[in-house]
Amino acid sequence: MISALWVMIGISLVLGAVLGYSAIRFKVEGNPLVEKIDAVLPQTQCGQCGYPGCKPYAEAIAKGEADINLCPPGGEEGIHKLAELLGVEFKPFGEGKGPRAKAVAFIDENTCIGCTLCLQACPVDAIVGAAKQMHTIVASECTGCELCVEPCPVDCISMQAIPEDISTWKWPYPVFAIAPVRNNPQKAEAS
Amino acid sequence: MWSSPFISAPASVSQIMLRVIFAMVPGIAMYVWFFGPAILVSITLASITALATEALMLKLRNRPLKPFLTDNSALLTGWLLALSIPALAPWWLVVVGTAFGIAVAKHLYGGLGNNPFNPAMVGYAVLIISFPAHMTHWLTPHGLEGIVLSFPDQLNYIFHGILPASTTLDALTTATPLDTLKTQLHLGLPVNEIRDMPIYGHLAGKGTEMVAIGFGLGGLYMLYARIISWHTPVIYLGTLFAIAGLFHLVDPASYVAPTFHWFSGAAMLGAFFIFTDPVGGPTTIKGRVIYSAGAALLTWLIRSYGGFPDGVAFAALLMNICVPLIDTWTQPKVFGRKGDGK
Amino acid sequence: MRTLYRFHGGIHPEEHKLESSEAPARRAPLPKKLILPLHQHIGNGAKVAVQVGDKVLKGQMLASAQGMISAAIHAPTSGSVTAIAQHPVPHPSGLDGLCIHLESDGEDRWIERAALDFRAMPKPELLDRLRDAGIVGLGGATFPTHVKYGLPSGQRIDTLVINGAECEPWITTDDRLMREHADGIVRGIEVLRHLSGAGEVLVGIEDNKPQAITAMRAACAGSDIEVVAVPTLYPSGGEKQLIRILTGKEVPSGGRPTNIGVACNNVATAYAIHRFVDHGEPMISRLVTVTGNVRTPMNVEVLIGTPLTEVVECAEALPGTTGYILGGPMMGLEVDDLHLPAVKSTNCIIAKSAQLFPPPPPAMPCIRCTRCAQVCPADLQPQELHWFSKAKNFGKTQEYHLFDCIECGACAYVCPSHIPLVQYFRFAKSEIWQREHEQQAAEIARERHEFRMFRQEREKQEKAERLAQKEKAAQAAKPAVATPLPVAAAANADPDDTLQMRVDADIARANMQLRIDAAAARAKEQAAAAQPKNIDALTPQQQAEIAEIEARRAKLREIASDAGADDEPPKQI
């Protein structure tokens, strides 16, 4: 009886030591989950999720405060990835909250008064210009977050859809030739 | 915009299935020769049931009827099932088995191409578990003592369960060679004495051995026409021969010769028609080798130690379960990656 | 007899080569108008080197190579540049690309030409000359030839493989070229051998082209170039497959033949090099097979940029033609109208008819028969790739090595369910590329955002420090009197730096708002007039400058709309 107790105590001590050691040895700095979630997010920094940027949204998701379907630029694919990462069910976008077509901001340079408000709004410094000078968008860096549209006092910023060209064209998903019966009543009758 | 290629080989699913069905003809001819035309009745019944069930399920699942009814896969399932159960089985047995196979094992899993289990074998398993007594009414081959039933009398029995006066079912039917072997071994008889019983021929059971040869011939045609790859039948029959041969050498009194295993039961049908079913089988060459060897081992084990006289159907179903795992394990090396890990 | 190796799989589709292979190649009539896409090769598009209105001579460079992987484009005939504008180009998307439009003057006057003494030339210079001659691989991928031989140090080439296999059905350009110009090809091979330094040169030709083999053997007599007949089996003309057949080596996945000491070029490329080195002619024409549902199937020598309608006219399409295939039936692309130019990769035009190319039967579900895996020359499992592509499970497709697929079409050819497997794979590939692109964009955006936050923090601190110093100085000067500046007062009242900044910012913002409101009002006032609105309180000098700029803009706009390139807003200075 006593020896059994000693054995149990011994085992618990050894296991405790192992656990304690690994807690120090394999210590993870920061919250790895936030980093992982942040890596999935599209980094538009658009705030459409209601958080001031992608990282804060990632933190909110990690804490369980935010839903995973709040990021329109990430698309459904993004929700799927988050669902997989967090081991939760896929959740569709709310009504009218789905992703919009990809676009970049464009400044009508005739109207721009050089107020620099859009410069301050841009989360990725994709607008160049200075006070009283005309501004312009660096289209290749623009994430299409639309944060610059609102502050412009003269409404000279518009979002322009990115047209499809040969370099961005994608092969379409093959259309399965077998159509359900209800879509093809004549054929069904013929057979 | 349609993608290349713009030409295709003439093969089609329905043509492949039709050729498989065609390859069953020699075996069926032997069946009719030795056991009378009753089997044709069950095949017809199974065909009608299979097509009707297929049509019904397609309708329920909102799929177009024509391409799937003409792909001949339902027909093949029906024929396989009809060949696996006794010819003199009552009509509803065939109907229930076929309908279950098509409706549950095939369509509830997503229809053509998506069923993990061979529908015919599922149908067979359901029947042998649910109606074991009816599944023993195997006809006695012609040339043995016993009464030969005329074709109208056979029909009368299949559809109405009525036998001509003065005959009993026992006089008409007999246990299969595998079944007899199992029973007699239990009673303590050595193999050589059992093999002297009148139901046995040169290789295995009288009649049944010729049916097996018929299926073997059909199988050779399929190999010739490249409908099936040689791996499955060769590995299956080879493994079965090796295991059975080994035990037969060690203890010939308790274990029958490997040729007996080949030519009795559904071994030949299995080697060429059941284990070669692509839908439930593995997709890699290595996988097929593992699958066929496993199936042979299970067939032999069930026949030698199991509760059922034949093991082909259960071997097929058990190996079907393993297919996803086998496939994942046996992915071949890709061109230009032979050197590295994978 | 050389030992030949096998690659896995392969198919034997009907060849249909005799239709076009027996008649000698003809020259297409000089087109009136030529359209030269800037992007005719893998890599970066060429950079325009002429202006609208320029008169150019045949062989004159119109666009120069741009970046590492690129090649030049030349005028195929003499004439004038009428436009530099978008035009449909041969691409599966059917979209437009930027093209130089050239109107022929009918004189076909050559620029000055001179043969090259390639052996006397340093290798880098020869490579540059090839690039500037627009020499790209004519086997189908149009990979710039000079890039193949610009090896990183430490790599060397032992074997030069010349590809004359031409395994795809219907196409016979290489066959014709080898029969008619074997000597020229061998001259080109000598240049390539000189470039590669290879000890062994192997010419692989499928054994269904006996005349070509004979012609090439005759031309190679006396040299150590070995002409090897390889068994006819599609796709033995694939670069990796041919190298495997001839050398037994496998090009590593994701690698190039040079990784295993092999260089591979097409016979037509070798011939183009011969034309350049011995005659000074850049790549301005090529052989094209016109076949299928046409009256006289044949091979035509076509100037690059010739509208395909004129190419097909040589052979005369028959009634019942339902469309055209550019390239072969296994890997080509389908086009509905022929208002596309012939480009460097155009090797074949097939007129489709319902008899020759019956429409594919409807696709059935996969029955896992693995006929596709049996014929895959890359040892892939197309059925697995199909399931994962269909389910849009792109991660899995990559695990099953989707990108080792060469899109040869053998799997779809044998599929008894007639599943468009190649399209599934192309779909998955382009989705993955787009995703990778987006991932990179997100990475850049993250970095930029983080830098911005860092910059804002730094600016805040610097400003705070400046303020603190100013305040110190002010206090030292007038210790008793409170600073009149409200900013400093606020700063004084609150020692917290951030709060200080916030107040500062508030005031700045308020000031700014005033100014903005005023500006907005002014802007609204002038809303009707299409005048620039940031012109208040300017010196006369600035006014003059603006006027000048305006004039320039107007001119630019005019040019842009003339050129038809007005789908992009004109770039303004």
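1. In this predicted model, α7(B) and α17(B) cross in a left-handed sense. The two helices span residues 119-130 and residues 312-329 of chain B, respectively. Their axes come within 9 Å, at a crossing angle of roughly 125 degrees. Angles over 145 degrees count as roughly antiparallel and 65 to 115 as roughly perpendicular, so α7(B) is oblique to α17(B).

2. On the α7(B) side, the contact with α17(B) is formed by B:M121, B:V122, B:Y124, B:A125, B:I128 and B:I129. The α17(B) side supplies B:A313, B:F314, B:A316 and B:L317. By class, this contact holds ten nonpolar residues, with no polar and no charged ones.

3. A second helix pair in chain B is α13 (residues 231-250) with α15 (residues 267-274). Here the axes lie 8 Å apart and the packing angle is about 150 degrees. The cut-off for roughly antiparallel is over 145 degrees, and α13(B) and α15(B) are therefore roughly antiparallel to each other. Their crossing is right-handed.

4. Residues of α13(B) in the contact with α15(B) are B:T232, B:P233, B:Y236, B:L237 and B:L240. From α15(B) come B:A267, B:M268, B:A271 and B:F272. The class count for this contact is eight nonpolar, one polar and no charged residues. Thr is outside the nonpolar and charged classes and so counts as polar; B:T232 belongs to the α13(B) side.

5. On handedness, the two pairs read as follows: left-handed for α7(B) with α17(B), right-handed for α13(B) with α15(B). On charge, the α7(B) contact with α17(B) has no charged residues, and the α13(B) contact with α15(B) has no charged residues either.

Definitions and conventions. Residues numbered from 1 in each chain as written. Chains lettered and ligands numbered in written order. Predicted model: local features only at pLDDT ≥ 70, side-chain atom pairs only at ≥ 80, totals over all residues. Heavy atoms only, no water. Axes fitted to C-alpha atoms, helices over the stretch in contact; angles between N-to-C directions. Helix = DSSP H or I, 4+ residues; strand = E, 2+ residues; numbered from the N terminus. Parallel < 35°, antiparallel > 145°, perpendicular 65-115°, else oblique. Left-handed = near helix turned anticlockwise from the far one by under 90°. Contact = heavy atoms within 4.5 Å.
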